Amino acid sequence: MTKPVVLIAEELSPATVEALGPDFEVRYCDGADRAELLPALADVDAVLIRSATQIDAEALSAAKRLKVVARAGVGLDNVDVAAATAAGVMVVNAPQSNIVSAAELAIGLLIAVARNIAPASAALRGGAWKRSKYSGVELQDKVLGVVGLGRIGVLVAQRLSGFGMRVIAYDPYVQPARAAQLGVRLVSLDELLAESDFITVHLPKTAETIGLIGEDALHKVKPSVRIINAARGGIVDEAALASALTDGRVAGAGLDVYAKEPCTDSPLFAFEQVVAVPHLGASTDEAQEKAGISVARSVRLALAGELVPDAVNVQGGVIAEDVKPGLPLAERLGRIFSALAGGVAVRIDVEVRGEIAVHDVSVLELAALKGVFCDVVEESVSYVNAPLIAKERGVEVALTTSEESPDHRNLLTVRGTLPDGEVVSVSGTLVGPRRTEKLVEINGFDVDLLPTEHMAFFRYHDRPGVVGAVGKLLGDAGINIAGMQVSRDSRGGHALMALTVDSAVPGPTMSGIVAAIGAHSGRAVDLEA
């Protein structure tokens with residue numbers, strides 16, 4: 001019997017091959033060399049890669065037998081997941097491989113900053129014995145503020161509570177009961193900034209989180225605060241942090257990530273009280289080995305036809321052809337829902353109506369949940385772990401289907417109920433022979449809008465002058481409007497303004513517009529990457 005062929009396209013740990021076992025023919029190539037990679041893919045069943053190998057549409061086309069792409073790590077920037085799904089190729093990664101390493105690095109940075117370890121070591125190596133200059137602070141009885149209570153944030157909170165720290169957290173997508181189970185008190189961002197002695201960031205990088213710890217936030221903290229960012233560069237505004245350190249409004253910082261990488265020159269590097277390292281979060285022997293072993297096991301499961309917990313998509317062959325085009329739309333609706341909701345829902349309903357409902361559409365529920373959480377949690381979200389993330393955060397999920405859809409051949413809706421009873425909804429459909437995505441409903445208002453990378457939505461009382469005011473404020477901010485629609489429930493009643501714009505709308509600009517037009521709410525949506 002012929003053994004399945006597994007191609008290892010980059011250097012992986014020996015434990016990876018051991019985890020594959022003897023049931024496979026293992027081949028090797030240099031995945032970074034396209035001339036070597038493409039012919040090597042021709043007759044393989046699975047390919048294992050890291051970050052240097054590009055598995056794009058061309059590579060997938062060359063791989064006629066390919067069933068699994070396995071990325072030994074978290075990021076999937078080098079894999080065209082949509083093309084793989086369309087080709088019926090499963091994509092797996094190792095989303096849990098580095099969370100302990102990332103959490104431990106954040107803690108290491110925090111302790112190093114608290115005790116001035118880096119500058120004291122540098123001084124001693126330079127021949128200076130400066131005990132009094134580098135006196136630090138204890139962690140016991142200090143307040144730790146965790147910004148983002150996902151898996152890594154939870155690990156940091158649990159470990160530092162063992163140091164006798166009192167832990168508070170800001171995460172609008174976590175239920176208070178879930179935080180209480182962890183011994184963590186949920187607070188607003190302003191409360192966290194004001195109370196914390198140490199702040200550690202564990203958020204995904206989105207339009208909403210870029211610059212979250214910026215000039216305004218850094219005027220609300222204690223002058224003794226120390227700030228750690230081992231999550232994503234840009235969440236902590238580096239220029240604002242440098243200014244705060246210069247003014248004595250922040251006592252120190254520990255950084256592993258930067259707005260632009262590689263980063264070898266920054267004003268922050270001039271401060272002795274800043275510990276800066278070159279994105280080492282996943283750089284441990286254990287994390288790299290865990291990643292290789294994890295994807296090797298996933299390959300074994302996938303080729304045996306069994307459930308693969310770390311699959312980021314699903315095998316295209318088990319999805320009805322009429323359902324496949326709805327997957328990107330369902331995920332996009334989920335992302336828009338989260339941006340509009342701005343916080344955790346206690347219940348999410350995914351509704352599928354029309355001709356498509358004759359098929360098994362449960363995968364659309366998974367795609368919608370993936371979209372709901374992908375911009376909310378720091379860890380990688382897949383079709384497989386999205387329901388688990390919902391359960392962990394106390395979110396009830398339900399799928400309803402109906403073959404009846406009066407206005408559209410097919411209609412997908414993501415509707416959520418927030419803790420205060422408010423209902424947020426977004427609906428979309430696919431139109432024309434190209435199955436073009438279109439938004440048709442936002443929070444009960446009818447719209448007819450092509451979703452774009454950058455959008456903004458405002459709810460307000462219908463009255464003259466609002467459109468002009470919004471246009472002027474966006475123009476003053478250098479943001480070009482690509483399209484605008486206004487929908488209202490009655491003349492002079494409630495109205496929704498939906499805009500597509502050429503670039504992301506910053507938080508201060510959104511706040512300025514909301515104040516200027518007296519809006520009930522204003523939400524920016526950034527679907528880039």
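A crossing of two helices is called left-handed if the near helix is turned anticlockwise from the far one by less than a right angle, and right-handed if clockwise. In this sense, helix 12 passes helix 13 in a right-handed crossing. The model is a predicted one, in which local features need pLDDT of at least 70 and side-chain atom pairs count only at pLDDT 80 or more, while totals for chains, interfaces and linings use all residues. Residues are numbered from 1 along each chain as its sequence is written, and side-chain values use heavy atoms, with hydrogens and water left out.

Helix 12 (326-341) and helix 13 (362-374) pack at an angle of about 35°, and their axes are 6 Å apart. Helices here are DSSP runs of H or I with at least four residues, strands are runs of E with at least two, and both are numbered from the N terminus. Axes are lines fitted to C-alpha atoms, for helices over the stretch in contact, and angles between N-to-C directions run from 0 to 180 degrees. On the helix 12 side, the contact (heavy atoms within 4.5 Å) is made by G326, L327, A330, E331, G334, R335, F337 and S338. Helix 13 contributes V363, L364, A367, A368, K370, G371, V372 and C374. By class, this contact holds nine nonpolar, four polar and three charged residues; Ala, Val, Leu, Ile, Met, Phe, Trp, Tyr, Cys and Pro count as nonpolar, Asp, Glu, Lys and Arg as charged, and the others, Gly among them, as polar.

E331 of helix 12 deserves a closer look. Leaving aside residues up to four places away in sequence, E331 touches A367, A368, K370, G371 and Y383. E331 is also 8.4 Å from L366, C-alpha to C-alpha, with their positions 35 residues apart in sequence.

Helices 12 and 13 meet again at the largest cavity, as each gives two or more residues to its lining. A cavity is a set of points, on a 1 Å grid over the protein atoms alone, where a 1.4 Å probe fits but cannot get out; a pocket is an open set with protein on both sides within 12 Å along at least five of seven lines, and lining residues have an atom within 4 Å of a point. Grid points are joined across faces, edges and corners, and a volume is the space filled by probe spheres set on the points. The structure holds three cavities of 30 Å³ or more, and the largest has a volume of about 80 Å³. Its lining consists of Y173, F337, S338, G343, V344, A345, I348, V372, F373, V376 and V395. Nine of these lining residues are nonpolar, two are polar and none is charged.

The second largest pocket encloses about 1200 Å³ of space. Of the 43 residues that line this pocket, A207, E208, T209, L212 and G507 lie nearest its centre. Helix 9 (189-195), helix 12, helix 16 (507-517) and strand 22 (521-526) each supply at least two lining residues. The lining divides into 22 nonpolar, ten polar and eleven charged residues.

Helix 16 also packs on helix 15 (residues 466-476): their axes come within 10 Å and cross at roughly 155°. Helix 15 is therefore roughly antiparallel to helix 16, the class for angles over 145 degrees, whereas those under 35 count as roughly parallel, 65 to 115 as roughly perpendicular and the rest as oblique. The crossing of helix 15 and helix 16 is right-handed. Here V466, A469, V470, L473 and L474 of helix 15 meet T509, G512, I513, A516 and I517 of helix 16. Eight residues of this contact are nonpolar, two are polar and none is charged.

A further pair is formed by helix 5 (residues 99-114) and helix 7 (residues 151-161), whose axes come within 9 Å and cross at roughly 50°. That angle makes helix 5 oblique to helix 7. Helix 5 passes helix 7 in a right-handed crossing. Among the residues making the contact are I99, A103 and L110 of helix 5, with I152, L155 and R159 of helix 7. The contact has eleven nonpolar, no polar and two charged residues.

Finally, some features of the backbone. Most residues other than glycine have a negative phi, and most peptide bonds are trans. E261 and P262 are joined by a cis peptide bond, with omega about 0°, and P262 lies in the loop between strand 11 (252-255) and strand 12 (274-276). D141, which is not a glycine, has a positive phi of about 70°.
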